[in-house]
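This report describes the architecture, cores and selected local environments of one protein chain. The sequence and structure are shown first.

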Amino acid sequence: QVQVVESGGGLVQPGGSLRLSCAASGHTFGSYAMGWFRQAPGKEREFVSGISSSGSSKFYANSVKDRFTISRDSANNSVYLQMNNLKPEDTAAYYCVAGSSVGELDHDGSWGQGTQVTVSS
């Protein structure tokens with residue numbers, strides 16, 4: 001089963017940018033849909049963005065559309081989340097997940113340990 005490890009979180013001021021990375025193990029990275037979820041303290045986990053196994057389809061939560069961009073690099077078995085114009089409400093632990101399809105990530109995915117993003121002045 002694929003394993004994923006996130007990196008790139010940190011503290012950033014409102015309006016700033018961060019790029020999250022997710023490295024996946026194994027030789028079958030290209031067969032997995034990938035995605036990002038987040039969970040803020042006291043709130044439920046929510047979908048942020050997903051990308052199909054081919055990279056041809058990308059999906060975003062309305063709250064991050066036009067600010068976040070997901071991409072994948074098969075040569076490096078990695079997926080990225082470029083986050084621009086960050087807002088305090090983006091503060092959360094961000095989790096990378098690999099699964100059979102974007103729609104099933106929350107059900108059958110392999111999850112990383114998470115990386116914290118804090119947006120504050």
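## Overall architecture

In this predicted model, 54% of the contacts in the protein chain with a separation of 6 or more are between residues 24 or more positions apart. The protein chain comprises 11 strands and one helix. Read from the N terminus, the order of elements is β-β-β-β-β-β-β-β-β-α-β-β. With a radius of gyration of 13 Å, close to the 14 Å expected from the globule rule for 121 residues, the protein chain is therefore as compact as a globular protein of that length.

Along the principal axes, the C-alpha atoms occupy a box of roughly 40 × 30 × 25 Å. The accessible surface of the protein chain amounts to about 6,200 Å², and carbon and sulfur atoms contribute 45% of that area. Of the 121 residues, 44% count as buried.

## Nonpolar cores

The largest nonpolar core contains 28 residues. The members that touch the most other members are Met-34, Trp-36, Phe-68, Val-79, Leu-81, Met-83 and Tyr-94. Two or more residues are supplied to this core by each of the strands E3 (18-24), E4 (33-39), E5 (46-51), E7 (68-73), E8 (78-83), E9 (92-99) and E11 (115-119). A second core, separate from the largest, has five residues, among them Ala-33, Phe-37, Val-102 and Leu-105.

What does Tyr-94 touch, not counting residues up to four places away in sequence? The residues touched by Tyr-94 include Trp-36, Phe-68, Leu-81 and Met-83, which also appear among the core members with the most contacts to other members. Tyr-94 further touches Glu-6, Leu-20, Phe-37, Arg-38, Val-48, Gly-114, Thr-115 and Val-117.

## The N-terminal strand

Strand E1 spans residues 4-7. Val-4 and Glu-6 form its covered face, whereas Val-5 and Ser-7 form the uncovered one. Glu-6, on the covered face, is one of the residues touched by Tyr-94.

E1 and E3 run antiparallel and are joined by four bridges. Ser-7 has Ser-21 in E3 as its bridge partner.

## The environment of Ser-52

Is Ser-52, in the loop between E5 and strand E6 (58-60), buried or exposed? Ser-52 has a relative accessibility of 15% and therefore counts as buried, the cut-off being under 20%.

Outside its neighbours within four places in sequence, Ser-52 is in contact with Tyr-32, Ala-33, Ser-57, Arg-72 and Val-102. Of these contacts, Ala-33 and Val-102 are included in the second core.

Terms used. Residues numbered from 1 in each chain as written. Predicted model: local features only at pLDDT ≥ 70, side-chain atom pairs only at ≥ 80, totals over all residues. Heavy atoms only, no water. Core = buried A, V, L, I, M, F, W, Y, C linked by side-chain atoms within 4.5 Å. Buried < 20%, exposed > 50% of the residue type's maximum accessible area, 1.4 Å probe, protein only. Contact = heavy atoms within 4.5 Å. Pairing = 2+ DSSP bridges. Rg over C-alpha atoms; globule rule 2.2 N^0.38 Å. Areas by Shrake-Rupley, 256 points an atom, 1.4 Å probe, with all protein chains shown as cover.
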